[in-house]
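Dear colleague,

I am passing on the structure we spoke about, and would be glad if you could look through it alongside the notes that follow.

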Amino acid sequence: MSPLNSFIGDDLADSTSIAAPDGLNVLDASAYPRARHLAVSPLEQSGTQIAGWTCFSSARGSKILLPDLSANSLPNDAPSVPDGYVSDPAFRNGYWIVLFGSAASAVFKHGCEIDLRPSRFTSEACLQTVLFHTSVTIIRHDLQGQPAFHLFGCSSFAHHIHTRLSHLHSLYGGGFTGLEALRHAMKSPPANTSVSNNSKEV
């Protein structure tokens, strides 16, 4: 599959420093609870922990709350709506996919409208864009200092997204995996981060 976008440089050059498993690993977390609240008043900044949930702020003022996937047990439902916010119930019915591994950031070379290299799209950042011709919300939330990405979108596009990601496995390796693999990646000690000058991020 040829890239739809062309970038200067290649983040896969950093693969020697990746602690998470090799290749492109995809976790379908769609069955797990999460919430999006539409902003009416200020709330915590991105990365803030709220009673076991992590808050991420989008550029449009909404807040996405995700459970701690490394916890032994996950909550049964999303947190209640804080004062001054309106819940977006449709958000929890869409797909939620987590990308991790040495090729996670390479996905965005294949049909994303904007530059999401890790040097441009930092950890805890949240935005809405187009991926594989569909609207998607993307959060970067690193594992042990290595790039990992959460994708959210309409459930009607879930099969399309899965199909495109499965095609990328032929390029990068990896595959669809489970929560235990993600937790293992979270707990893995950071690998040797010495890389060549040509592959260091700015």
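What share of the contacts in the chain with a separation of 6 or more comes from residues 24 or more positions apart? In this model, which is predicted rather than experimental, such residues account for 71% of those contacts.

As to the chain as a whole, there are two helices and eleven strands, and from the N terminus on the elements follow the order β-β-β-β-β-β-β-β-β-β-α-β-α. Of the 202 residues, 49% count as buried, while the chain exposes about 9700 Å², with carbon and sulfur atoms supplying 52% of that area.

The sheet I looked at is an open one of five strands, ordered β3-β4-β5-β2-β6 and paired in the antiparallel sense. Its edge strands are β3 (48-50) and β6 (85-87), each of which pairs on one side only, and neighbouring strands of this sheet are turned against each other by 35° on average, with direction ignored. Within the sheet, strand β4 (residues 53-57) and strand β5 (residues 63-67) run antiparallel and are paired over five bridges; Thr-54, for instance, has Leu-66 in β5 as its bridge partner.

Further along the chain, strand β8 (residues 126-131) is joined by six bridges to strand β9 (residues 134-140), again with antiparallel pairing, and here the bridge partner of Leu-127 is Ile-138 in β9. These two strands form a hairpin with two residues between them, in which Phe-132 takes a positive phi near 55°, a detail you may wish to look at in the model.

The residue I would draw your attention to last is His-150, which is found in strand β10 (residues 149-153). Is His-150 buried or exposed? It counts as buried because its relative accessibility is 6%, and the cut-off for that class is under 20%. The side chain of His-150 is joined to that of Trp-96 by a polar contact of 3.0 Å. Leaving aside residues up to four places away in sequence, His-150 touches Leu-66, Leu-69, Trp-96, Ile-97, Val-98, Thr-137, Ile-138, Ile-139 and His-141. Two of these names have already come up in the pairings above: Leu-66, the partner of Thr-54, and Ile-138, the partner of Leu-127. His-150 thus touches a residue of β5 as well as a residue of β9.

With best regards

Technical notes:
Residues are numbered from 1 along each chain as its sequence is written. This is a predicted model: local features need pLDDT of at least 70, side-chain atom pairs count only at pLDDT 80 or more; totals for chains, interfaces and linings use all residues. Side-chain values use heavy atoms; hydrogens and water are left out. Two strands pair if DSSP finds at least two bridges between them. Helices (H or I, at least four residues) and strands (E, at least two) are DSSP runs, numbered from the N terminus. Axes are lines fitted to C-alpha atoms, for helices over the stretch in contact, and angles run from 0 to 180 degrees between N-to-C directions. Buried means under 20% relative accessible area, exposed over 50%, partly exposed in between (1.4 Å probe, protein chains only). Contact means heavy atoms within 4.5 Å. Accessible areas come from the Shrake-Rupley method with a 1.4 Å probe; for residues, only the protein chains shown count as cover. A polar contact is a pair of N or O atoms within 3.5 Å; within protein, one must be able to donate a hydrogen and the other to accept it, and residues adjacent in sequence count only if both atoms are side-chain atoms.
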